[in-house]
Amino acid sequence: MIGKQGRMGRSYFVDEAVEEYLGGLQAAPGSCVTGLLAGQSSPQRDFVVLAVQTPHRESEGQPKASKGVSPLDDIDVEWVTEHAKQVSRMLPGGLCILGLFLVTPPELSKDAQNALKRLIFAMDKYITKGRLWELSEEDVTDRVTLHICSKTKKLVCKSFDVKDPKSSAKPADWKYQTGVSSSWPMLTCSVEVDLQIPVTGSSSDNTDKCMKDGLRRWAKQIEAACCLINGRQALDDSEFISGQKKNPKTTNRQTLPARIIVSDEQSELDERSSALVQVCSGSMKVRGVVHCRAYIHNNKPKARHAAQAIKRDIINTVCSRVEMFLEDLLINEGSQKGLCSGQQALPRRVFAPMPISGLSVCDYMFPDESTADVAERLKEMLDCETPEEGIDTSLESNQLFSAVSGSEITNSRDDDSNKHVISEIQDGTPKIQKAPQYYAGVAVAAAIALLATATSLLYFS
């Protein structure tokens, strides 16, 4: 397939909302504007439904000195790739970062392609690092780059195969359409997560490795699980939602329930075949219910493609929250400040509609945050205004919790149908006098737990 892409080039069908957004961007003389392109890939073509410029980076202290004679040399690659990672966390199943755009004045057009190539490879390497699911043979590895002259509005669209470091730019078609994603069906499901991961050592690097190894084993189970969509098993090349007609003017979106069923027999077989004995300083338990959703393009998708999209969203949302946990752990490692100050839970997933397209994006809201914080983050990361009342916080519950050392966590809500995203400390050293109950942030709690050879429980709502 990669060779075929190389000969033919790819076509990108782009929503008119993206055209309007890009048309409003201007690069001042001697400067440039970078940004992301997001959407969905299919074997035949890609669909672009979102464009968002890189937000301004607030620098501490003195501004950085110029690296070269051209503003293109001063593009903050680290910040562009970090923005891509943050936005990729906000995308539900089926959607991904497809590429980058660069807006320059005419005098910088000559060197724009070299800058875009440098950025596209750096971005893909960064956002795919630590990814838990495996690429299939059908996954498209071409990424799009779009150069826009701010004066003439001329577009130059090319693609690169990011899995080939020696890949050269290939011409690509950039076509605007109305309502590209308006009739894409949406899959939804809630999945219970319950896994325990042994941790050896107390350093953050070791914790990171143990958590990722444990999550990788769990992710393989999700990938191999049976998927039911609308009550029917989705695993073959049959057309997904046969008989559905594509109509760009249609705004009705089908919502289809999905279920993921992991075979107990297969799980037990996997555990027996990979059984080993190891000395552990503690363990972390990831437990709870997560809400997932995925969008499927209507360019003759296969049933197994739909199953793949919802499975990957399950894996991505759990992985994202664990990454947030580990990032906090790294920041707070060794710190004893504020151990008794309050309590904190891992974030719950909330959803908000994208302007015009009607597709949803997600964010992760901590207990001490409000919908105003989410709206502010969406503005910064996605450059869009989102009314607070449009943010759906009802799909995952996350209230305050009460914890008793050595016993089950109890829910402070009257409705205990959903579990919370929390961290509990349990003393694992009997010779040490039992410590008083601490209420701490997840990162600090985990640090204590590991140093005291404890067990940390992370509950997802």
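In this predicted model, strand S4, spanning residues 96–104, runs alongside S5 in the parallel sense, and the two are joined over six bridges. Individual residues show how the strands line up: Leu102 has His147 of S5 as its bridge partner, while Phe101 stands opposite Leu146, also in S5. Between the two strands comes helix H4 (residues 112–128), and together S4, H4 and S5 make a β-α-β unit that is right-handed.

On its other side, S5 meets strand S6 (residues 155–161), this time in the antiparallel sense and over seven bridges. Here Val144 finds its bridge partner in Ser159 of S6. The hairpin of S5 and S6 has five residues between the strands, and within it Lys153 takes a positive phi near 65°. As a helpful reminder, strands of a sheet pair through backbone hydrogen bonds, and this can happen in either a parallel or an antiparallel way.

Where, then, does S5 sit in the wider sheet? The sheet is open and is formed by eight strands in the order S7-S6-S5-S4-S2-S3-S1-S8, with mixed pairing. Its edges are taken by strand S7 (170–171) and strand S8 (173–177); each has a single partner strand, so one side of each is left without a neighbour in the sheet.

The burial of S5 is worth a closer look. Buried here means under 20% relative accessible area. Eight of the eight residues of S5 (residues 142–149) are buried, so the strand is largely enclosed by the rest of the structure. This holds for both faces: Asp142, Val144, Leu146 and Ile148 are buried on one side, and Arg143, Thr145, His147 and Cys149 are buried on the other. Among the elements around the sheet is helix H2 (residues 16–23), which lies across S5 as well as strand S1 (11–15), strand S3 (46–53), S4 and S8. Helix H2 runs at about 30° to S3.

Finally, the confidence of the prediction varies along the chain. The mean pLDDT of the chain is 77, and 72% of its residues reach 70 or more. Over residues 1–7 the pLDDT stays under 50, and the model gives this stretch ten contacts beyond four places in sequence. Residues 399–457 also have a pLDDT below 50, and for them the model contains 134 contacts beyond near neighbours in sequence.

How values were computed. Residues are numbered from 1 along each chain as its sequence is written. This is a predicted model: local features need pLDDT of at least 70, side-chain atom pairs count only at pLDDT 80 or more; totals for chains, interfaces and linings use all residues. Side-chain values use heavy atoms; hydrogens and water are left out. Buried means under 20% relative accessible area, exposed over 50%, partly exposed in between (1.4 Å probe, protein chains only). Helices (H or I, at least four residues) and strands (E, at least two) are DSSP runs, numbered from the N terminus. Two strands pair if DSSP finds at least two bridges between them. A crossover is right-handed if, with the strands pointing away from the viewer, the path from the first strand over the helix to the second runs clockwise. pLDDT is the predictor's confidence in each residue, from 0 to 100. Contact means heavy atoms within 4.5 Å. Axes are lines fitted to C-alpha atoms, for helices over the stretch in contact, and angles run from 0 to 180 degrees between N-to-C directions.
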